[in-house]
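Subject: Handover of a structure and the findings on it

Dear colleague,

I am passing the structure below to you, together with an account of what was found in it. Please read the account with the structure open beside you.

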Amino acid sequence: MIKEIIYEYWKEELPEVFSRETEIDSSDLIDDIVGIRRCGKTFLMFSKINKLLKKVDKKSTIYINFENRKLFPLKYDYFNEIIEFIYSEKLLEKGKVYLFLDEVQKVEGWEKFVRGIYDEFKGKIKIFVSGSNASLISKDYGNLLTGRHLSKTLMPLSFKEFLNFKGYKIEKIITEKDRANIKKFLEEYLTFGGFPEVVLSKNKEQMLSQLFNDILSRDILSRNVRKESILEEFAYYLAGNVTSLLSFNKMADYFKSRGIKISVPTLESYFGLIKNSFLFFENLIFSYKIKDQFQNPRKIYCIDNGIFNFVGLKFSKDYGKMYENSVFLKLKKESFDNRLINIFYWKNIQHEEVDFVVN
């Protein structure tokens, strides 16, 4: 089956791609691309392949998506089949091979294969992997591949990328008409967010609802959750309370008032699964004491304005929350690009608040 999928990839034309601000490295290290489902990881890979095709033959590249229905049920042996295929086609005799493994975390034990290939074929096979879960860059994975990989976290479109997708270019001199157009685009961006498919779609609300359900079912509920209905309700609650403070104790009391018994540690575990899918983020209070950071309520932010506008129960647009969430996402992207950047909020005993403290 691996052979058939690679042959199909070689035969088919790559889809048209838009340029992104994030670029993939060109060193011999393993490149990890992580981010929420449908944020453009696959197309970032295709963009890299298009650049490679300017100097190498397409048969020097291999692309496999492990969500391809033809590969189910997924088997670890697929990785050995890939290497056997490379040998059978004598690809290494023609030069370096570029191996793209999309949604690779679907296959249990994939990390050991990637490390093995890197160690055995260093400089001969360049590996790119992508995944829709933060576990792809977890501590265990990082320890396994210490010094062997570079990680990139991809998010939905920034406003600059959004304008590019809309075909609108900002000139050095901004006219009154330009300002009007930019304000119109900003209104759309704040309302519907920056998922590439949503930006280009005419049926944005339905697509956002479907996207949220896909993330829940495929990236969160699929991870051996015992009380799926509670986790699902928790996710909808978060969507309706973006930029608000979250206390796990109060959340447990809320479920208790409805006759649902759930412990604080279980809620914390569920929130960890939600965070790992990149659907929601937490922002802790600024304090020099780690204990204070975790004992105080955390502020909740959503990966995309469109999701919290159309999934969370709202009766009117709240531009304050929309702007605040957008600013957080911009800062979060900066922190992904530079791990030394940390984001917090701050509040004093008079309840005066600073939305973002960055150090």
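Helix 1 crosses helix 3 in the right-handed sense. Please note that the model is a predicted one. The two helices, of which helix 1 covers residues 2-11, pack with their axes 9 Å apart and at an angle of about 60°. That angle makes helix 1 oblique to helix 3. On the side of helix 1, the contact is formed by Ile 2, Lys 3, Ile 6, Tyr 7 and Trp 10, and on the side of helix 3 by Tyr 78, Glu 81, Ile 82 and Phe 85. Sorted by class, the contact of helix 1 with helix 3 consists of 7 nonpolar and 2 charged residues, with no polar ones.

Helix 3 also has a second helical partner. The axes of helix 3 (residues 77-88) and helix 4 (residues 110-120) come within 10 Å, and they cross at roughly 30°. Helix 3 is therefore roughly parallel to helix 4. Here helix 3 contributes Phe 79, Ile 83 and Tyr 87, while helix 4 contributes Trp 110, Phe 113, Ile 117 and Glu 120. The contact of helix 3 with helix 4 has 6 nonpolar residues and 1 charged residue, and no polar residues.

Next comes the sheet on which these two helices lie. It is an open sheet of 5 strands in the order 2-3-4-1-5, and the pairing is parallel. Its edge strands, each of which pairs on one side only, are strand 2 (61-65) and strand 5 (149-153). From one strand to the next the twist averages 15°. Between strand 2 and strand 3 (residues 97-102) there are 5 bridges, in the parallel sense. Ile 64 has Leu 101 of strand 3 opposite to it. Helix 3 lies across strand 2, strand 3 and strand 4 (125-131), and runs at about 155° to strand 3. Helix 4 packs on the sheet as well, where it touches strand 1 (30-34), strand 3 and strand 4. The direction of helix 4 makes about 160° with that of strand 4.

Further along the chain there is another pair of helices. Helix 9 (residues 204-220) packs with helix 10 (residues 228-239) at an angle of about 140°, and their axes are 12 Å apart. Helix 9 and helix 10 are therefore oblique to each other, and their crossing is right-handed. Phe 212, Asn 213, Leu 216 and Ile 220 of helix 9 meet Leu 231, Glu 232, Ala 235 and Tyr 236 of helix 10. By class, the contact of helix 9 with helix 10 comprises 6 nonpolar residues, 1 polar residue and 1 charged residue.

There is also a second sheet to describe. It is open, with 3 strands in the order 6-8-7, and the pairing is antiparallel. Strand 6 (245-246) and strand 7 are the edge strands, each pairing on one side only. Strand 6 is joined to strand 8 by 2 bridges, and these two strands run antiparallel. Strand 7 is joined to strand 8 (residues 298-302) by 4 bridges, again in the antiparallel sense. Lys 299 of strand 8 stands opposite Leu 245 and also opposite Asn 283.

Are the faces of strand 7 (residues 280-283) covered on one side or on both? Both faces are covered, since Phe 280 and Glu 282 on one side are buried, as are Phe 281 and Asn 283 on the other. As a general point, side chains in a regular strand alternate between the two faces of the sheet.

One residue may be of use to you as a point of orientation. Ala 252 lies in helix 11 (residues 248-257). Ala 252 has a relative accessible area of 9% and is therefore buried, the limit for buried being under 20%. Leaving aside residues up to four places away in sequence, Ala 252 touches Ile 262, Val 264 and Leu 267. Ala 252 and Glu 108 are 144 residues apart in sequence, and from C-alpha to C-alpha they are 33 Å apart in space.

With kind regards

Methods
Residues numbered from 1 in each chain as written. Predicted model: local features only at pLDDT ≥ 70, side-chain atom pairs only at ≥ 80, totals over all residues. Heavy atoms only, no water. Buried < 20%, exposed > 50% of the residue type's maximum accessible area, 1.4 Å probe, protein only. Pairing = 2+ DSSP bridges. Axes fitted to C-alpha atoms, helices over the stretch in contact; angles between N-to-C directions. Parallel < 35°, antiparallel > 145°, perpendicular 65-115°, else oblique. Left-handed = near helix turned anticlockwise from the far one by under 90°. Contact = heavy atoms within 4.5 Å. Nonpolar A, V, L, I, M, F, W, Y, C, P; charged D, E, K, R; others polar.
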